[in-house]
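Here are a few exercises to work through with the model open on your screen. Try each task before you read its solution.

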Amino acid sequence: MKHSALCYVIRRTLIGGWNCNRHGSSVVRPFLAEEMRQRNFAADGGNGGFFYWKRMMSSKAASETEVKSTEKEKKEESSGKKNNAVVSSYWGISRPKITREDGTEWPWNCFMPWETYQSNLSIDLSKHHVPKNFLDKVAYRTVKLLRIPTDLFFKRQYGCRAMMLETVAAVPGMVGGMLLHLRSLRKFQHSGGWIKALLEEAENERMHLMTMVELVKPKWYERLLVLAVQGVFFNAFFVVYILSPKLAHRVVGYLEEEAVHSYTEYLKDIESGAVENVPAPAIAIDYWRLPKDAKLKDVITVIRADEAHHRDVNHFASDIHFHGKELRDAPAPLGYH
């Protein structure tokens, strides 16, 4: 009897785990009595051992079936969550059905149809702000100095260069918009639309990056480089903008001039055949309202036009500060990509 009880306790511990609550003894005792009865019955020559074995096997099979069913349900639930990104919730937040002009469903969550546009390709690409004073010269020399390691690292790999450039170019608009936003809150003043204008610039640059990532798959060391460059540039630009917004905007203006130059060289490589003129990514076709058969050359052309617009906006902002005024004193170029 003692041996049977001990075997039962050990088996229950290995299979189901030991019940450690204070009612454990009252739960185990009926099972222990049943175990002892069935073992005695088997010892007396009856068939109790066979039926007990059969019952245990049936319970085990049912348990395994239940586990498999639970795992299958979890997989189906997980798959359903992946397929249905928008789930109705208690808060009643859901995306309305949005379609293209041809009636097909809008595939993007990162931008909407009313945020798309056709780039102004007639913009003058040759404009250049000649450094006139000390801060202008500091900004110009700083940008030229930053170009040296970029040329050494990327050489004529303009796809990778453009990807790296966009991770940096999307920072100034966000920093400037954020600081203007905080200043507007502190001083109870309107920004003249410049908060929105600078954030639009940052978003536009980010869309350039999303497009370039579709064209150029970054390698692991390029991703590490992006982390390092972004961390240094964000903090450095943040400090510069606080100390001198006129210098900060002038630096960005010269950076955009370099961007126009880089994309021009990129186009030369495409035209010469050094870079394959592959089909444009779907995200670029929808964002810039390009033809369905647009190519890489079309994408780089509209991105270059955007950079030229950003060049003009930032040099204009710097000029406002150099004239002793604040940005809110001049109308912001909203929607001016």
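**Exercise 1.** Is Lys144 buried, partly exposed or exposed, and which residue does it pair with in a salt bridge?

Solution. Keep in mind that this is a predicted model.
- Start with the cover: Lys144 has a relative accessible area of 33%. Buried needs under 20% and exposed needs over 50%, so Lys144 counts as partly exposed.
- Now look for the partner: Glu258 forms a salt bridge with Lys144, and the closest N and O atoms are 2.8 Å apart.
- Next, place the two: Lys144 sits in helix α4 and Glu258 in helix α8, so this pair ties together parts that are 114 residues apart in sequence.
- Check the partner's cover too: Glu258 is buried, at 14% relative accessibility.

**Exercise 2.** Find the parts of the chain that the salt bridge between Asp286 and Arg100 links.

Solution.
- Begin with the contact: the closest N and O atoms of Asp286 and Arg100 are 3.0 Å apart.
- Then locate the ends: Asp286 is in helix α9 (residues 282–287), while Arg100 is in the loop between α3 (48–83) and α4, so far along the chain that 186 residues separate them.
- Finally, compare cut-offs: Asp286 is buried at 9% relative accessible area, whereas Arg100 is partly exposed at 22%.

**Exercise 3.** Work out how Glu203 and Arg206 are placed in their helix.

Solution.
- Both belong to helix α6 (residues 194–215), and they are 3 residues apart, so about one helical turn separates them.
- The pair forms a salt bridge with the closest N and O atoms 2.8 Å apart.
- Glu203 is partly exposed at 30% relative accessible area, and Arg206 counts as partly exposed at 30% relative accessibility.
- For a wider view, salt bridges that share partners join Lys144, Arg147, Asp151, Arg161 and Glu258 into one network.

**Exercise 4.** Which elements give two or more residues to the lining of the largest pocket?

Solution.
- Size it up: the largest pocket holds about 750 Å³ of space.
- Go to the centre: of the 30 lining residues, the closest to it are Leu146, Thr150, Val168, Phe233 and Leu255.
- Name the elements: α4 (134–154), α5 (158–187), α7 (220–243) and α8 (245–272) give two or more residues. The largest share, 9 residues, comes from α4.
- Sort the lining by type: you get 23 nonpolar, 3 polar and 4 charged residues.

Note on methods: Residues numbered from 1 in each chain as written. Predicted model: local features only at pLDDT ≥ 70, side-chain atom pairs only at ≥ 80, totals over all residues. Heavy atoms only, no water. 1 Å grid on protein atoms, 1.4 Å probe; cavity = no way out; pocket = protein on both sides within 12 Å on 5 of 7 lines; lining within 4 Å. Points joined across faces, edges and corners; volume = space filled by probe spheres on them. Helix = DSSP H or I, 4+ residues; strand = E, 2+ residues; numbered from the N terminus. Nonpolar A, V, L, I, M, F, W, Y, C, P; charged D, E, K, R; others polar. Salt bridge = Lys/Arg side-chain N within 4 Å of Asp/Glu carboxyl O. Buried < 20%, exposed > 50% of the residue type's maximum accessible area, 1.4 Å probe, protein only.
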